[in-house]
Amino acid sequence: MLAPQDIPRLRRLGIVASMQPVHATDDMNMAEEAMTPVEALRSYTVEPAHAAHQEHVLGTLGPGKWGDFILTDTDPFDLPSGRAVWQTKVLQTWVAGRRVGEYGDL
């Protein structure tokens, strides 16, 4: 837990506070925060890459980067009416630019 007045001090010292989305399940009774889908995605991609000083090779897709990603059957940011995010199916998993799993039809 951080006090708001500590945040500028962390920035000044170059410290990254580590709050990971998985913590929210344990902390939900004391922390009443919610994340948008975009915030949730960033919290597992761009933000940890930045915290690890690895944003030049991780966190986003681009030339020279690792290329870890999944392909899904639906855009989780534009779901059809009546469909929940948890119903999205992973069709392929790619690690370091290579397909390592295939789970359904494209």
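In what order do the three strands of the open sheet lie, and is their pairing parallel or antiparallel? To find out, keep in mind that the model you have open is a predicted one, and begin by selecting the strands.

**The sheet**

Select β1 (69–72) and β2 (90–95), and then add β3 (98–102). Together they form an open sheet with the order β1-β2-β3, and the pairing is antiparallel. Look next at β1 and β3, which stand at the edges: each has a single partner strand, so one side of each is left without a neighbour in the sheet. If you turn the view, you can follow the twist, which averages 25° from one strand to the next.

**From β1 across to β3**

Now keep β1 and β2 in view, a pair that runs antiparallel and is held over four bridges. Select I70 in β1 and look across to β2, where T93 stands opposite. From T93, continue in the other direction to β3, and you will arrive at G101, which stands opposite T93 there. This second pair, β2 and β3, is also antiparallel and is joined by four bridges. Beside T93, select Q92 and look for the bridge partner of Q92 in β3, which is E102.

Follow β2 to the place where the chain turns into β3, a hairpin with two residues between the strands. Select A96 in this hairpin, which takes a positive phi near 55°.

**The loop between β1 and β2**

Return to the loop that lies between β1 and β2, and select T74 within it. Is T74 buried or exposed? Its relative accessibility is 10%, which is under the 20% cut-off, and T74 therefore counts as buried. Show the side chains here, and you will find that the side chain of T74 makes a polar contact with the side chain of D73, at 3.3 Å. Leaving aside the neighbours within four places in sequence, T74 is in contact with L79, P80, R83 and T88, so select these four as well to see what surrounds T74.

**The second largest pocket**

For the last stop, display the second largest pocket, which has a volume of about 760 Å³. Its lining is made up of 25 residues, and those that lie nearest the centre are L41, T45, D68, F69 and I70. I70 is the residue you met earlier, opposite T93 in β2. Colour α3 (37–44), α4 (46–51) and β1, each of which supplies at least two residues of the lining. Which of the elements gives the most to this lining? The answer is α3, with four residues.

Definitions and conventions:
Residues numbered from 1 in each chain as written. Predicted model: local features only at pLDDT ≥ 70, side-chain atom pairs only at ≥ 80, totals over all residues. Heavy atoms only, no water. Buried < 20%, exposed > 50% of the residue type's maximum accessible area, 1.4 Å probe, protein only. Polar contact = N/O pair within 3.5 Å; in protein donor to acceptor, adjacent residues only side chain to side chain. Contact = heavy atoms within 4.5 Å. Pairing = 2+ DSSP bridges. Axes fitted to C-alpha atoms, helices over the stretch in contact; angles between N-to-C directions. 1 Å grid on protein atoms, 1.4 Å probe; cavity = no way out; pocket = protein on both sides within 12 Å on 5 of 7 lines; lining within 4 Å. Points joined across faces, edges and corners; volume = space filled by probe spheres on them.
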